[in-house]
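The following exercises are to be worked through with the sequence and the three-dimensional structure at hand. Each task is followed by a solution in steps.

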Amino acid sequence: MVQAQVQLQPGRNDVQLELWALAPQLWWPNGMGAQALYDLEVRFEPAAAAPTLDRRRIGFRVFSLVTANDTAPAAVAGRNGSGNHTFLFRVNGMPVVARGANMIPMEELEGRASAQAHRRLVRYAAAAGMNTLRLWAGGVWQYSAWYDACDEYGIMIYVSG
């Protein structure tokens, strides 16, 4: 376990910490490898209020959107793409074909769909071979369980709005 204590200056509300792990395993999309996740715990102890604790499981990955002008043959040497421009995703240096569906709110009234139902939906998407869910940004934010399940099952989230 690694701990770091940070003293915030008056008027400052942000801090950036660099964390190092010894050779962390990379997180991969569903169908491309394992979804290595690590526990992260952050505790905030303000002087005049009760402490706040947040725990998350996080994965490490390098995600890139690759674009290039396909009209110049040299620009596309060794790249994937078609038409006039290349547009592809790479995760950890590997090209990824996005396979998925649109995710719209499960219920019209917030709170009627349970966190368990959201996790089940993500599990079913992964079992169907999907690796991407497009989150409609015009709706409501999903439950934390939905985002956690996406990490656990190797589902990338594409937000559009």
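**Exercise 1. A residue of the N-terminal segment**

In which segment does Leu8 lie? Determine also whether Leu8 is buried, partly exposed or exposed, and name the nonpolar surface patch to which this residue contributes.

*Solution.* The model is a predicted one, and every value below is computed from it.

Step 1. Leu8 belongs to the segment before strand 1, and that strand covers residues 38–44.

Step 2. The relative accessible area of Leu8 is 34%. Buried requires under 20% and exposed over 50%; Leu8 is therefore partly exposed.

Step 3. Together with Val6, Val15, Leu17 and Phe44, Leu8 makes a nonpolar surface patch of about 420 Å².

**Exercise 2. The overall inventory**

State how many helices and strands the protein has, in what order they occur, and what part of the residues is buried.

*Solution.*

Step 1. The protein contains 2 helices and 8 strands.

Step 2. Read from the N terminus, the order of elements is β-β-β-β-β-β-α-β-α-β.

Step 3. Of the 161 residues, 23% are buried. The accessible surface amounts to about 11700 Å², and carbon and sulfur atoms account for 53% of this surface.

Step 4. Among contacts with a separation of 6 or more, 54% join residues 24 or more positions apart.

**Exercise 3. The sheet of strands 6, 7 and 8**

Establish the strand order and the sense of pairing in this sheet, and explain which strands stand at the edges.

*Solution.*

Step 1. The open sheet has 3 strands in the order 6-7-8, with parallel pairing.

Step 2. Strand 6 (100–103) and strand 8 (156–160) each have a single partner strand, so both stand at the edges, and one side of each is left without a neighbour in the sheet.

Step 3. On average, neighbouring strands of the sheet are turned by 25 degrees against each other, direction ignored.

Step 4. The parallel pairing of strand 7 (residues 132–136) with strand 8 comprises 5 bridges. Within this pairing, Leu133 stands opposite Ile157 of strand 8.

**Exercise 4. Two buried positions**

Locate Val96 and Gly154, and identify the residues that each touches beyond four places in sequence.

*Solution.*

Step 1. Val96 is a residue of strand 5 (residues 94–96). Its relative accessibility is 8%, so Val96 counts as buried.

Step 2. Leaving aside residues up to four places away in sequence, Val96 touches Pro29, Met32, Phe89, Arg90, Val91, Asn131 and Met156. Although Val96 and Asn131 are 35 residues apart in sequence, their C-alpha atoms are 9.2 Å apart.

Step 3. Gly154 is placed in the loop between helix 2 (144–153) and strand 8. With 0% relative accessibility, Gly154 counts as buried.

Step 4. On the same sequence criterion, Gly154 touches Trp27, Trp28, Pro29, Asn30, Gln35 and Asn131. The C-alpha atoms of Gly154 and Met130 are separated by 8.8 Å, and the two residues are 24 residues apart along the chain.

Step 5. A comparison of the contact lists shows that Pro29 and Asn131 occur in both.

**Exercise 5. Salt bridges**

How many salt bridges does a search of the whole structure find? Describe the pairs formed by Arg55, Asp54 and Arg119.

*Solution.*

Step 1. Opposite charges on side chains can pair when the charged atoms come close. The search finds 6 salt bridges in the whole structure.

Step 2. Arg55 meets Glu41 in a salt bridge, with an N to O distance of 2.8 Å. Arg55 lies in strand 2 (residues 52–58) and Glu41 in strand 1, so the pair ties together parts that are 14 residues apart in sequence. The relative accessible area of Arg55 is 57%, which makes this residue exposed.

Step 3. Asp54 and Arg56 meet in a salt bridge at 3.0 Å, N to O. Both are partly exposed: Asp54 has a relative accessibility of 35%, and Arg56 has a relative accessible area of 48%.

Step 4. In the salt bridge of Arg119 with Glu152, the closest N and O atoms are 2.6 Å apart. This pair links distant parts of the chain, since Arg119 is in helix 1 (residues 115–127) and Glu152 is in helix 2, 33 residues apart.

Step 5. Arg119, at 28% relative accessibility, counts as partly exposed, as does Glu152 at 29%.

Key. Residues numbered from 1 in each chain as written. Predicted model: local features only at pLDDT ≥ 70, side-chain atom pairs only at ≥ 80, totals over all residues. Heavy atoms only, no water. Pairing = 2+ DSSP bridges. Helix = DSSP H or I, 4+ residues; strand = E, 2+ residues; numbered from the N terminus. Axes fitted to C-alpha atoms, helices over the stretch in contact; angles between N-to-C directions. Patch = residues over 30% accessible without salt bridge, like charges linked within 9 Å, V, L, I, M, F, W, Y side chains within 5 Å. Areas by Shrake-Rupley, 256 points an atom, 1.4 Å probe, with all protein chains shown as cover. Salt bridge = Lys/Arg side-chain N within 4 Å of Asp/Glu carboxyl O. Buried < 20%, exposed > 50% of the residue type's maximum accessible area, 1.4 Å probe, protein only. Contact = heavy atoms within 4.5 Å.
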